Amino acid sequence: MVQLGKDEERIGELGLNSKHELSQLATQFDNMLNQLQHRNEQIQEAAHELEAKVHSRTASLKEKTEQLELHIQLLNQTRDKLVINEKLAALGELTAGIAHEINNPTAVILGNVELIKFELGSDIDRVEEEVDAILAQIDRIRNITRSLLQYSRQGAFKMKSPGNT
């Protein structure tokens, strides 16, 4: 019976005396089948419980993994923004340095042009067009450096403001 997959069937009463050897053997065999069936049910129940625990833990791990992946993605985005902000800050400092370095010789040139105008006095008429061209170029240089300085200050302001990420 058990070999045929009919483990719910039992031998039952044989119609013999209960003290007869075959009757006792049939009773013991039925008891063993009952115990085997009970153990199989316990094993199946434990297997279902274990499967439920594995499923629960797997789901929890999957959720934690997804959260971790999201945090890693956010960290990478933050790192990328930080690198960009550091590059912008360095560019702002470089821009300010260049503007100041250009302003220094420009101030010397302007001072010398003013000195030439003073020294030439009324003879300035011979070179006035050239002097005016030099002064116009100095103004142009100053406007460019002023724009560079303004850009570098705006970049520094944007970097330091708390709401700007």
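Here's a quick look at two surface patches and one buried serine. The model is predicted, so keep that in mind as you browse. Helix H1 covers residues 21-120 and helix H2 covers residues 128-160; both turn up in the points below.

**The nonpolar patch**
- Eight names to look for on the surface: Ile84, Leu88, Leu91, Leu94, Ile98, Ile102, Ile141 and Tyr151 together make a nonpolar patch of about 670 Å².
- Helices H1 and H2 are the elements that each give two or more residues to this patch.
- H1 gives the most, with 6 residues.
- Leu94, one of the patch members, sits in helix H1.
- Leu94 has a relative accessible area of 51%, so it counts as exposed, given that the cut-off for exposed is over 50%.

**The negative patch**
- Over on the charged side of things, Asp123, Asp125, Glu128, Glu129, Glu130 and Asp132 form a negative surface patch.
- Asp132 belongs to helix H2.
- With a relative accessible area of 42%, Asp132 is partly exposed, because that value falls between the 20% and 50% cut-offs.

**The buried serine**
- Ser152 is also part of helix H2.
- Its relative accessibility is just 7%, so Ser152 counts as buried; the cut-off for buried is under 20%.
- Which residues does Ser152 touch, leaving aside its neighbours within four places in sequence? Ser152 is in contact with Gly92, Thr95 and Ala96.

Notes:
Residues are numbered from 1 along each chain as its sequence is written. This is a predicted model: local features need pLDDT of at least 70, side-chain atom pairs count only at pLDDT 80 or more; totals for chains, interfaces and linings use all residues. Side-chain values use heavy atoms; hydrogens and water are left out. Helices (H or I, at least four residues) and strands (E, at least two) are DSSP runs, numbered from the N terminus. Buried means under 20% relative accessible area, exposed over 50%, partly exposed in between (1.4 Å probe, protein chains only). Contact means heavy atoms within 4.5 Å. Patches are made of residues with over 30% relative accessible area and no salt bridge: like charges are joined within 9 Å, nonpolar side chains (Val, Leu, Ile, Met, Phe, Trp, Tyr) within 5 Å. Accessible areas come from the Shrake-Rupley method with a 1.4 Å probe; for residues, only the protein chains shown count as cover. A salt bridge is a side-chain nitrogen of Lys or Arg within 4 Å of a carboxyl oxygen of Asp or Glu. Lys and Arg count as positive and Asp and Glu as negative; His and the chain ends are not counted. The place of a charge is taken as NZ of Lys, CZ of Arg, CG of Asp or CD of Glu.
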